[in-house]
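Visitor: I would like a close look at a single part of this model. Please take one turn and what surrounds it, and go through it step by step.

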Amino acid sequence: MRQKTAIALALLRDAPILLLDEPTSGLDPVAIDEFNRLIGQLSAQGSTILMVTHDVYGACHVANKIGLLRDGQIVGKFDAPPNGYIDSETVHNAFVRDAGL
């Protein structure tokens with residue numbers, strides 16, 4: 001409930017830019033789906049959303065750009081095709097490969 005409240009408060013401010021740190025952490029699957037729909041709506045309305053997350057698969061469904069960070073450096077950049085999604089397997093494989101796993 002704390003995470004949902006924090007997200008609601010951020011949205012009430014009607015800010016043109018949202019900075020979100022692990023926004024879906026602790027949310028159940030239904031709440032995550034609702035959050036993803038909301039992020040899509042905000043983006044379509046022109047809001048800029050910068051989100052830090054470890055959820056590669058979830059990020060690929062809401063982001064139009066993804067940057068992978070390692071030790072504070074961008075080690076990978078991915079762009080969604082027009083009207084499409086970033087391929088989560090490509091991002092996941094790049095992360096694993098860069099980690100030397």
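Guide: In this predicted model, β3 and β4 form a hairpin, with two residues between the strands. D71 lies in that turn and has a positive phi of about 55°. The two strands, β3 at residues 65–70 and β4 at residues 73–79, pair in the antiparallel sense over six bridges. Within this pairing, K65 stands opposite D79 in β4.

The hairpin also takes part in the interior. The largest nonpolar core has 10 residues in all, and I66, L68 and F78 are among them. The other members are V56, A59, C60, A63, I86, V91 and A94. At least two residues of this core come from each of α3 (56–62), β3 and α4 (88–99). The most is given by α3, with three residues.

A second, separate core has eight residues, including I7, L20, L27 and F35.

Back in the hairpin, L68 can be followed through its contacts. Leaving aside neighbours within four places in sequence, L68 is in contact with Q73, I74, V75, G76 and F78, and also with V91, A94 and F95. Of these partners, F78, V91 and A94 are listed in the largest core, as is L68.

For contrast, consider a residue on the surface. L50 is placed in strand β2, residues 48–52. L50 counts as exposed because its relative accessible area is 54%, and the cut-off for exposed is over 50%. Together with I17 and L19, L50 forms a nonpolar patch on the surface, with about 340 Å² of accessible area for the three together.

How values were computed. Residues numbered from 1 in each chain as written. Predicted model: local features only at pLDDT ≥ 70, side-chain atom pairs only at ≥ 80, totals over all residues. Heavy atoms only, no water. Patch = residues over 30% accessible without salt bridge, like charges linked within 9 Å, V, L, I, M, F, W, Y side chains within 5 Å. Areas by Shrake-Rupley, 256 points an atom, 1.4 Å probe, with all protein chains shown as cover. Salt bridge = Lys/Arg side-chain N within 4 Å of Asp/Glu carboxyl O. Helix = DSSP H or I, 4+ residues; strand = E, 2+ residues; numbered from the N terminus. Buried < 20%, exposed > 50% of the residue type's maximum accessible area, 1.4 Å probe, protein only. Pairing = 2+ DSSP bridges. Core = buried A, V, L, I, M, F, W, Y, C linked by side-chain atoms within 4.5 Å. Contact = heavy atoms within 4.5 Å.
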